[in-house]
Amino acid sequence: FNAVEYLEGGVDSGFKHVERDVYETRLLHLKGARSVRVSVVPLAASSLNAGDVFILDLGLTIYQWNGSEANKKEKAKALDVCVGIKDDERGSKAKMLVVAQGEEPPEIWEALGGQGPIGAATGDDGTGAAKGEAKLIKVSDASGTLEQTEVASGSLSREMLDPDDVFIVDNQAEIYVWIGKGATKEERKGGMSIGTKYASDGGRPKGTKVVKVMDGAEPTVFKSNFAAWPAKNAV
């Protein structure tokens with residue numbers, strides 16, 4: 001499994017024992033006309049809306065649910081994310097199914113806690129849960145003291161991540177703390193502290209997740225924040 005640690009509400013929850021082929025069910029929301037944002041949303045039918053695409057990850061079955069008014073970029077991005085989850089996180093063992101709004105099998109509603117009304121479409125940019133641009137913030141002690149510097153916003157690329165440092169990736173819905181392989185002990189410790197403080201000081205809703213991600217073991221949802229992520233054999 002991926003070396004990922006979720007911290008919720010700014011409190012370290014610690015690593016959990018993960019059994020082989022046992023996966024946490026999750027619902028991903030894909031939204032955007034120019035840049036498609038991917039975020040984790042509550043596992044409920046009320047999260048769905050007709051204007052976007054959602055991925056229901058059941059572990060060995062991955063559903064791509066296309067809202068009736070979803071755009072082509074959202075559908076294409078969702079397919080990339082589904083393939084990434086299947087190949088990178090499930091060893092190609094999972095099956096992928098694309099489902100149009102109104103054609104849902106019972107398994108989808110069961111996983112979402114029961115069937116419910118689908119929300120109306122909302123604007124693709126500047127509205128919804130993930131407002132604003134994604135941000136990339138470097139945490140480094142190269143100067144002799146631990147400093148944080150915003151290095152990019154909007155479109156992010158893999159090349160911006162320096163393995164000698166720690167980076168905070170804020171996609172407005174979730175906050176990730178990426179730990180470079182060459183990061184110092186102070187950067188690793190300070191990065192997590194700064195990430196949790198960043199969430200609390202930024203006025204984020206209670207329960208906003210701060211996710212620790214290790215260099216070389218990035219989950220697909222993290223990679224989706226970047227315009228392109230080279231395959232392992234191309235790095």
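Student: How many residues lie between E3 and E4 in their hairpin, and which residue of the turn has a positive phi?

Tutor: In this predicted model, five residues separate E3 from E4 in the hairpin, and glycine 32 in the turn has a positive phi of about 145 degrees. Residues are numbered from 1 along each chain as its sequence is written. The model is predicted, with local features needing pLDDT of at least 70 and side-chain atom pairs pLDDT 80 or more, while totals for chains, interfaces and linings use all residues, and side-chain values use heavy atoms, without hydrogens and water.

Student: What makes E3 and E4 a pair?

Tutor: Strands (DSSP runs of E, at least two residues, numbered from the N terminus) pair if DSSP finds at least two bridges between them. Five bridges join E3 to E4, which run antiparallel, so the pair meets that condition. Lysine 31, for instance, has arginine 37 in E4 as its bridge partner. E3 also pairs with E5 in the antiparallel sense over five bridges, and there histidine 29 is matched with phenylalanine 54.

Student: Why are E4 and E7 said to stand at the edges?

Tutor: The open sheet has five strands in the order E4-E3-E5-E6-E7, with mixed pairing. Strand E4 (37–41) and strand E7 (95–100) each have a single partner strand, so one side of each is left without a neighbour in the sheet.

Student: How do you know that E3 is largely enclosed by the rest of the structure?

Tutor: A residue is buried under 20% relative accessible area, exposed over 50% and partly exposed in between (1.4 Å probe, protein chains only). Six of the six residues of E3 are buried, so E3 is largely enclosed. Arg26, Leu28 and Leu30 point one way from E3, whereas Leu27, His29 and Lys31 point the other way.

Student: Why is serine 92 called partly exposed?

Tutor: Its relative accessible area is 45%, which falls between the two limits, so the middle label applies. Serine 92 lies in the loop between H1 and E7, and its phi is positive, about 65 degrees, although it is not a glycine.

Student: What makes a space in this structure a cavity, and which residues line the largest cavity?

Tutor: On a 1 Å grid over the protein atoms alone, a cavity is a set of points where a 1.4 Å probe fits but cannot get out, and lining residues have an atom within 4 Å of a point. The search of the whole structure finds one cavity of 30 Å³ or more, and the largest cavity has a volume (the space filled by probe spheres set on the points) of about 50 Å³. Its lining consists of Leu27, Leu48, Phe54, Ile55, Leu56, Tyr63, Trp65, Ile108 and Leu112, and the largest share, three residues, comes from E5.

How values were computed: Helices (H or I, at least four residues) and strands (E, at least two) are DSSP runs, numbered from the N terminus. On a 1 Å grid over the protein atoms alone, a cavity is a set of points where a 1.4 Å probe fits but cannot get out, and a pocket is an open set with protein on both sides within 12 Å along at least five of seven lines; lining residues have an atom within 4 Å of a point.
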